[in-house]
Amino acid sequence: MNDELQADLRRILGIQAVRAFLYGFGAVILGSSLAASGASDVAVGLLGAAILAGMAIAAITVGLLGDRWGRRRTYSGLLLLMGVVGAAYAATDRLWILIVLALLGVLSTDANENGPLTTLEQSMIGQAPAEVRLRVFGRYNAVAYLAGAFGALLAGGPAFVHRFWTGAPTGRAWFLLFPLGAFICLVLASKLSPDLETEVARTRIPLDRSRTTVTKLSSLFAVDAFAGGFVITVFIVFWFARTFGASQELMSTVFFAAGLLQAGSSVIAPRVAERAGMLNTMVFTHLPSNILLILVPLAPTLASAIAVLLLRFALSQMDVPTRQAYIAAMVDPSERTAAAAATNSARYVARPFGPLVGTVLMRSIGYGAPWVVAGALKAGYDLVLWRVFSKVPLPDSAAD
């Protein structure tokens, strides 16, 4: 791997760290602000769906046009838009405005998978040599989880400071950190080299040999993402506040611990995958985590519910770096941008329906229903993924 590519990868990891911090911080602030303002479960579901829908729309757009516009230009434009939307979230709490802004696709409910920005980063990281690609994806996700964890932890700070300084900003005003973070990201993005660009594809989605494989993967990932939409960070904070009276400070600490666990598992996952295989690692770490997801609402106390949730977080994301490297290995080099766009877009298109269906389940069955249904669907995804792809060998060119 040449020095220029190494420098570019370090810059991408730096941008990922800043963004993940902002998203981890913002998710806790937003969830707590909604709970404190007395927002209904319908309002929470609509806003969560809008954030996910915006990620889907923007990811599809980037998949179709990102290479034509230029990866670096598109990347910088999205980072600039992230800062503008963050400033707007600090300025208003009108639900319809928040929903419209969320549809722009530059907010996220997660620290590591952020719609169009993730699509661009995956295609750029995919240019790393095959023998190191899996570990680069592991570090990429570990940085996201770690930075997101610190963001979630510091989200408890504003409420704590306000106890001693009543004039300190509270709630949504802290979204003003987004423009500052966007500026830092833009400085780093401006130094990315032209080597990260690719030749303009002759077709909009240049999938040839791998079309069938990518279609199957996209369909399965859509099911997993739909189920994951039931239990996004905003919902989890809202649910713990309503069910157990959990404070913003406590939930920020919980998500800090969760981020540390996820960061550690992202570092471990490539090493496990090198020995057990990428598909085995994807399935057999993800399956037990989904059983734990079902058990969260069955926990009788706040402490036990948090313990089960954290144990679930320790396993749930080990499939992410292996999944990203698996996609890069399954397709030809010329298809990687299209494959990343297609599989990510499938996830982002399906996921907005999760909060909406979860809202219906909460209102018709109970607050614990989204946890159970999400865990069952995601476990089913694991079993089908294994059944379909356990007999599909990686191409000979995949040196991973």
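At what angle do helix H9 (residues 211-228) and helix H17 (residues 369-389) pack, and how far apart are their axes? Bear in mind as you look that this is a predicted model. The angle is about 165°, and the axes of H9 and H17 sit 8 Å apart. That makes H9 roughly antiparallel to H17, since angles over 145 degrees get that label. The handedness is easy to state too: H9 passes H17 in a left-handed crossing.

Now for the residues that do the touching. On the H9 side you'll find Thr213, Lys216, Leu217, Leu220, Phe221, Val223, Asp224, Phe226, Ala227 and Gly228. Across from them, H17 brings in Ala374, Leu377, Lys378, Tyr381, Val384, Leu385, Val388 and Phe389. Sorted by class, the contact of H9 with H17 has 13 nonpolar, 2 polar and 3 charged residues.

Val388 deserves a second look. This residue has its place in helix H17 and is among those that meet H9, yet Val388 is partly exposed, because its relative accessible area of 31% falls between the 20% and 50% limits. Its C-alpha atom is separated by 9.9 Å from that of Leu220, a residue 168 places apart from Val388 along the chain.

Let's move to another helix pair. Helix H1 (residues 3-36) and helix H6 (residues 130-154) cross at roughly 35°, and their axes come within 7 Å. Here the crossing is right-handed. H1 contributes Leu9, Ile12, Leu13, Gln16, Ala17, Arg19, Ala20, Phe21, Gly24, Phe25 and Val28 to the contact. From H6 come residues including Val136, Arg139, Tyr140, Val143, Ala144, Ala147 and Gly148, with Phe150 and Leu154 also among them. The tally for H1 with H6 is 16 nonpolar, 4 polar and 2 charged.

What about the nonpolar core? The largest one has 105 residues, and those with the most contacts inside it are Leu47, Tyr75, Tyr89, Ile236, Phe240, Trp371 and Leu385. Helix H1 supplies the largest share of this core, with 13 residues. Ile236 gives you a feel for the wiring: setting aside its neighbours within four places in sequence, Ile236 is in contact with Val231, Met251, Phe255, Leu309, Phe313 and Trp371. Leu385 links back to where we started, as one of the H17 residues that meet H9.

Leu385 also turns up in the surroundings of Leu279, which lies in helix H12 (residues 278-295). Not counting residues up to four places away in sequence, Leu279 touches Tyr326, Leu385, Trp386, Phe389 and Ser390. Leu279 is buried, because its relative accessible area of 9% is under the 20% cut-off. Its C-alpha atom is separated by 30 Å from that of Phe235, with the two residues 44 apart along the chain.

Helix H12 has more to show. Asp319, found in helix H14 (residues 319-330), is in contact with Met282, Thr285 and His286, leaving aside its neighbours within four places in sequence. Is Asp319 buried or exposed? At 2% relative accessibility, Asp319 counts as buried.

One last stop is Ser345, in helix H15 (residues 336-350). Ser345 counts as buried at 9% relative accessibility. Beyond residues up to four places away in sequence, Ser345 touches Ala59 and Ile60.

Terms used:
Residues numbered from 1 in each chain as written. Predicted model: local features only at pLDDT ≥ 70, side-chain atom pairs only at ≥ 80, totals over all residues. Heavy atoms only, no water. Core = buried A, V, L, I, M, F, W, Y, C linked by side-chain atoms within 4.5 Å. Buried < 20%, exposed > 50% of the residue type's maximum accessible area, 1.4 Å probe, protein only. Helix = DSSP H or I, 4+ residues; strand = E, 2+ residues; numbered from the N terminus. Contact = heavy atoms within 4.5 Å. Axes fitted to C-alpha atoms, helices over the stretch in contact; angles between N-to-C directions. Parallel < 35°, antiparallel > 145°, perpendicular 65-115°, else oblique. Left-handed = near helix turned anticlockwise from the far one by under 90°. Nonpolar A, V, L, I, M, F, W, Y, C, P; charged D, E, K, R; others polar.
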